Amino acid sequence: MSEFIAKKLIKKQPQEKQTESRLRNLIGVVASFVGIIANCIIGCSKLVIGLIFSSISVASDGLNNISDTASSAVSMISFKIADKPADKKHPFGHARAEYLAAMIISFLIIMVGIELVKSSVEKIIENTASNFSFITIGILIFSIIAKIILFVYNFSMYKKIKSATLKGVAIDCISDTAVSSIILISTIISHYLNVNLDGYFGIAVALLIIIQGIKLMISTFNPLLGEKADKKIVSDIAHSIKSYDGVLGLHDMIVHNYGPNRFFISVHVEVDCKQDMLKSHELIDKIERELTTPTTQLLIHMDPINSNDEQANKYKQLVYELAVQNINEKITIHDFRMVQGEKNNNLIFDIVLPMDLQFSDNEVIDILKNAVKEVDPTCSLIINIDKNYTDC
């Protein structure tokens with residue numbers, strides 16, 4: 001439904017604005033609007049029923065659903081902000097607004113949970129009994145069904161546009177379903193066994209809400225802090241670059257995420273040093289031009305190498321095998337060159353270390369220098385340490 005409405009809306013906009021990114025954001029706006037309406041109806045119904053029949057757990061669940069309305073509103077605003085084009089102050093665009101929105105939503109969820117804990121404790125201390133009503137049972141059953149439908153809807157939209165915000169909303173829906181189910185069970189047990197469990201179940205509901213808020217906060221904090229790029233993205237771009245004739249290899253790929261499906265990628269591409277530099281430069285320009293998309297900006301550094309130097313290749317293989325044997329099997333080496341002297345050979349190269357390596361940079365250099373010296377005392381190593389940001 002959201003996609004259908006979004007496509008109708010985007011057709012009314014100027015041709016230059018009818019982009020895949022714009023369609024994605026419109027889908028998010030429509031999905032958020034549906035969430036606002038649905039959660040407002042569910043939350044207000046529960047809150048009113050909970051207050052009428054003195055059920056703190058039902059009223060608390062209603063407040064939780066009303067907070068979901070605020071969450072959907074924040075989500076809608078974030079999609080509108082993310083849709084803004086890049087400007088002087090934000091040259092990489094505004095797509096990270098979605099992550100900020102998800103962070104705000106997580107704070108709202110946690111604050112609601114804390115308030116519900118306070119209300120539930122007061123209910124336990126006062127020991128005020130709830131008034132049983134089949135209206136309460138009915139509204140809870142309605143809420144469970146509605147939240148399951150909202151979960152399926154939001155999760156399908158998340159799968160379609162890969163939005164962290166909609167994923168958080170979907171997870172919150174299934175959490176709300178569990179919470180309402182617990183309250184339904186407690187209401188029935190309290191009535192038929194004549195025990196007052198309302199406050200205790202209110203605390204249980206509140207704790208589940210707080211846990212959900214913390215989980216959402218952690219999941220949105222990672223992309224804001226900066227996390228490793230998805231392996232499929234790295235693999236796809238590396239495979240595409242290597243498919244061009246004239247590309248001998250690549251290294252030092254870095255992927256920056258500036259919002260969902262917004263990537264700025266830099267990479268060093270190796271070409272034959274004996275190839276005419278103008279032709280190599282033309283090749284690099286072609287790769288950049290053909291692989292750059294509205295959502296992916298590619299920047300390539302051309303790296304000329306001599307792949308036909310048998311002596312240098314022999315020493316490169318030696319250094320690589322010793323590095324794998326003595327340090328870590330994930331190590332790679334690039335930009336290897338050899339400067340021959342009368343008595344000694346200088347081996348100059350970059351070594352790429354995995355992020356989880358236990359050795360320090362200086363320890364790696366010392367281990368490798370000693371290992372090479374044992375095999376060939378005439379070799380001196382000049383090593384530049386690189387970090388592996390993408391497993392490429």
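**Exercise 1.** Determine which elements the buried residues of α8 pack against, and establish how these residues are arranged around the helix axis.

*Solution.* The buried residues of α8 pack against β1 (249-257), β2 (263-272) and α9 (277-291). Here buried means under 20% relative accessible area and exposed over 50%, with a 1.4 Å probe and protein chains only. The structure is a predicted model, in which local features need pLDDT of at least 70, side-chain atom pairs count only at pLDDT 80 or more, and totals for chains, interfaces and linings use all residues. Residues are numbered from 1 along each chain as its sequence is written, and side-chain values use heavy atoms, without hydrogens and water.

Step 1. Identify the buried residues of α8: they are Val 234, Ile 237, Ala 238 and Ile 241.

Step 2. View α8 down its axis. Its buried residues fall within an arc of 100° (taken from the directions from the helix axis to the C-beta atoms), so they line one face of the helix.

Step 3. Recall the general rule: an α-helix has 3.6 residues a turn, so residues three or four places apart point the same way.

Step 4. Inspect the face turned away from the buried side of α8, which carries the exposed residues Lys 232 and His 239.

**Exercise 2.** Describe the sheet that contains β1, β2 and β3.

*Solution.* Step 1. The three strands form an open sheet in the order β1-β2-β3, with mixed pairing; two strands pair if DSSP finds at least two bridges between them.

Step 2. β1 and β3 (296-305) are the edge strands, each pairing on one side only.

Step 3. β2 and β3 pair in the parallel sense over 10 bridges. Ile 265 stands opposite Leu 298 in β3.

How values were computed:
Helices (H or I, at least four residues) and strands (E, at least two) are DSSP runs, numbered from the N terminus. Contact means heavy atoms within 4.5 Å.
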